[in-house]
Every structure is written in C-alpha cells, then in structure tokens.
Amino acid sequence: MIVIYTPKVTNRIKYTTDFIFSQYFGLNYELTDNPYIAVGSDNLYINYSKNIKPFFYNIHQDDLLLKSDVQKQNILISFEAGVPVFFQATQQYNLRFDIFSCIFYLLSRYEEYLPHEKDIHERYKSSNSLLANKEFNFSPIVEIWLHFFKAELLKIKPKLSFKQFQFEYTPTFDIDNAFRYLGRNWRKHPPNIFKKECRKTLTKVQQDPFDIFDKILNEINRYKLRPIFFFLLSDNGINNSKVSPDSKRYKEQILKISALFDIGLHPSYYSLEENLLATEQEKLSHIINRNNYNSRQHFLKINFPEYYRMLIETKIRTDFSLSYPDVIGFRAGFSREFLFFDIEKNITTSLIIQPSCWMDATYEYYQPNNIIEIQNRFLTIFNQLKKINGNLVPIFHNDLLIKQEYWNFFKFINQQSTQG
C-alpha cells in the first residue's frame, strides 16, 4: 500500500494521484490529510507538502494543485537526473520537482485555458506550448517521468508490483472524402465532368481514385491490426467533405468497415460553433444501427473545455483529437489514454482522451520534408515509445494514401510497429 500525506486534499491532487498510482502504476494507495500517521513497515509513505517529514519519501509541493483557479505559471525548465522538469525546488526533498503538478499541468492542458494566440482555424498553436521547447520537443515526457518515479519507489520497496505495459500500435484513419467524384450532392458540389478521370469514374470505366479501402483493409489484415476509422458526415462549406452524408455508396462503405473494425465520428469543421455534434452523432449511429462512442474532430479543431463538454453531452466516451496538425509528437506529453479534467468546473470527468502523435497531413500541408527527414522524425518518436512501452496512434487519410510516398510510409510504420 502507498500512503500519501498532503495537508490539503484537493480535486486536482486526487485526479493526479488516481492517474499515477491507480491508472498507470496499478497500485493501491491512500490519500490522507492526517499529519499524525503511524508509520509501519508494510507501507510506503509519501509526503507531498512544503515541509520535510522523517521516514517519508518527500516530494516538493508547488501551489498549482492547491488552487482551483487558472493563473499564468512562472515556469523554469531544469534537469533532474538528466530529465527535463519544471516546478522544481532547491531544498533537499527526495524528489526536488513537483511531479504531480508537472503531470497535471500537461494532462489537464492547463496552458490552453490561459490567454493565447490562435491560428487561422481558431486552434491553439503548437508554438504556444511548453513542450515546444527544445528540452521537451513534444516527447512523451509524462511517461519518462513516471518511469523515473517508478524506479525511485522501487529503491524503497523493491517488491512493489506495478502494472505492466506492452508497446501498442493503433492505426487510425480520417475519412474526410471517401470518394473524389462519387457520392456527391451535385447541387452543392458538382464534379468536374470535363475532367477525363472524372468521366471515367462516373461511367464506371475506372474506380474512384479515393476509394482505396480494399487496399487499406488488405494491408491491415496482413499485419492483423485493429484500426479505427473516423467518418466525416457533413458536406456543408469548403472545409468539410465533398461527399454527401446521404450518399448510398458512402453509407454502404461505412457499414462495411463498421462490421469489421471500430469506427468513430469525425465531427465537422463548424460542429462546435453551430452545435452540430449531436446531429452528426445521431446520423452516424443511424447508419451503423448502433451507438457510436468514438470521435476525432475534423482539422483537429478543438478547444478547452467547450469541445470536451459537448462530447460528454453527446455520450462520446473516447476522443482521439489531442494532437497538433502542424507538428508531430505529444500535445500532453503522454501516449496513452487518460481522463479529461475540466479545470473550470474543477472535476474529473468520465471522458477518455487518447492522444495521437503522427499525421500524414502534417507533411502534406505544414511541413513539406523529404522522405528521409520524415522517416527519421518518426523513428525518434517510435524509439521513445518502444523504450517506455507506449501507445503509437498515427493518423492517416485515404485521400493522401493514394500518393505513393504516403502509402510507402504507411507500410513502413506497419512494418516497424509489428516487428517482435
């Protein structure tokens, strides 16, 4: 048993200790504000306060988890045992940085509640993030800290039995446009019938160029993967699909894939502003004839906490939107799923957030690089995840996989991720 003393038990502390000890470490623990704990030999005792307690493992406590408001934090990056940290102290604690506050700051996306500059799509800019600093470079730093912390605890109690993780790989696909020419509402998006490729597709001389689903499924089955497909169900405006959500062909494709693998909703560009999430969720559930519980926002267009509150209202259980469109890596410094903490309401919710870390569209629209540079950057993240037994969740698009360079890279990721 782990016994953690802290002078004031707050919702932020409870969320963070639950995440670390119950969800990640798989350990039983007790959180107490009783300063008069009788120390026994069977338990490991942690003191999370501003004072040193003898016979305890002492962790420096910053003020972040003691408060319930949002304030700009004075963050200085330093190194502990070669690992970048912040919220540190100069006193001789056993752990001289507040690992609880560091983890909460990143997982809760605290910095995204602060005033910040947005991009042209009203998204939080990756350059705003603390993890954009070269010391972090969007690494899975939370898991690196947790592995360090685990080693520290094992020095005290070598017989502690921690939850064991294995490296996992879950390819995901955003289906923005299932077809290039087919399935359209011609009044909204008439195809260019003067284009030879279009005419051949419409007259069934050739297959629609974006319809490579059989090819994708063959590749998936070759490696026995368990992917997730996210379907966009709006053809309104220039930033959504050209394919009609009422298209019989599109519905048949969704049904075919949903019979084989997990799927999810790809909420449309204005789904939050125009309160469309429930309507689109109902539309997808009607097509597959069952409830849908997964989502990933189109354009990765999210904000805290409004987007996540809306997901909860529409009975979404797991969201896969937490990544940046313009850089690869980890937006919250963590590769596995965790619960959404609503900072404004100061509560832990039941919504699960599963981060993604790599996207083909990043290199198509934001960072044009040659294949060697793309491969090297991927391998950096891949090797980090292998070392910590993390979860690799990349994002692919069928309309980009038609390009040979992206298809080759899809195959490369599959090969790397399924090797023994």
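In what order do the 4 strands of the open sheet stand, and is their pairing parallel or antiparallel? In this predicted model, the order is E2-E1-E3-E4 and the pairing is parallel. Strand E2 (29-32) and strand E4 (57-60) occupy the edges; each has a single partner strand, so one side of each is left without a neighbour in the sheet. On average, neighbouring strands of the sheet are turned by 20° against each other, direction ignored.

The pairing can be followed strand by strand. Strand E1 (residues 2-5) is joined to E2 by 4 bridges, and the two run parallel. Within this pair, Ile2 of the model stands opposite Tyr29 in E2. At the other edge, E3 and E4 are paired in the parallel sense, again over 4 bridges, and Tyr57 in E4 serves as the bridge partner of Ile46. In a regular strand the side chains alternate between the two faces of the sheet. In E4, Tyr57 and Ile59 point one way, whereas Asn58 and His60 point the other way, and all are buried. Helix H1 (residues 11-24) lies across E1, E2 and strand E3 (44-49), and runs at about 160° to E2.

A second element with a clear pattern of burial is helix H5 (residues 213-223), in which Phe213, Ile216, Leu217, Glu219, Ile220 and Tyr223 are buried. Viewed down the axis of H5, these buried residues fall within an arc of 160°, so they line one face of the helix. An α-helix has 3.6 residues a turn, so residues three or four places apart point the same way. The buried residues of H5 pack against strand E8 (172-175), strand E9 (228-231), helix H6 (248-258), H11 and H12. The face turned away from the buried side of H5 carries the exposed residues Asn218 and Arg222. Just after H5, Lys224 adopts a positive phi of about 55°.

Charged side chains also link separate parts of the chain. Side chains of opposite charge can pair when their charged atoms come close. The structure holds 20 salt bridges. In one of them, the side chains of Glu112 and Arg331 meet with an N to O distance of 2.9 Å. This pair links distant parts of the chain, 219 residues apart: Glu112 is in the loop between helix H2 (99-107) and helix H3 (141-156), while Arg331 is in the loop between strand E12 (318-319) and strand E13 (338-342). Glu112 is buried, with a relative accessible area of 5%, and Arg331 counts as buried at 2%. Both residues belong to a network of salt bridges that links Arg109, Glu111, Glu112 and Arg331.

A further salt bridge, between Glu344 and Arg309, has an N to O distance of 3.3 Å. Glu344 lies in the loop between E13 and strand E14 (347-353) and Arg309 in helix H8 (residues 306-313), so the pair ties together parts that are 35 residues apart in sequence. Here Glu344 counts as exposed at 52% relative accessibility, and Arg309 as partly exposed at 23%. The side chains of Glu364 and Lys403 likewise meet in a salt bridge, at 2.5 Å from N to O. Because Glu364 lies in helix H9 (residues 360-366) and Lys403 in the loop between helix H11 (398-401) and helix H12 (404-418), this pair ties together parts that are 39 residues apart in sequence. Glu364 is partly exposed, with a relative accessible area of 25%, as is Lys403, with 32%.

In contrast to the salt bridges, the number of disulfides in the structure is 0. Cys102 is buried, with a relative accessible area of 0%, and Cys198 counts as buried at 0% relative accessibility.

Backbone geometry was also examined. Most residues other than glycine have a negative phi, and most peptide bonds are trans. Phe304 and Pro305 are joined by a cis peptide bond, with omega at about 0°; Pro305 is found in the loop between strand E11 (294-295) and H8. Asn275, which is not a glycine, has a positive phi of about 55°. Asn275 is found in the loop between strand E10 (262-265) and helix H7 (277-288) and counts as exposed, at 54% relative accessibility. A positive phi near 55° also occurs at Asn389, in the loop between helix H10 (371-388) and strand E16 (391-392). Asn389 is partly exposed, with a relative accessible area of 27%.

Methods: Residues numbered from 1 in each chain as written. Predicted model: local features only at pLDDT ≥ 70, side-chain atom pairs only at ≥ 80, totals over all residues. Heavy atoms only, no water. Disulfide = S-S within 2.5 Å. Buried < 20%, exposed > 50% of the residue type's maximum accessible area, 1.4 Å probe, protein only. Pairing = 2+ DSSP bridges. Axes fitted to C-alpha atoms, helices over the stretch in contact; angles between N-to-C directions. Contact = heavy atoms within 4.5 Å. Salt bridge = Lys/Arg side-chain N within 4 Å of Asp/Glu carboxyl O. Arc of directions from axis to C-beta.
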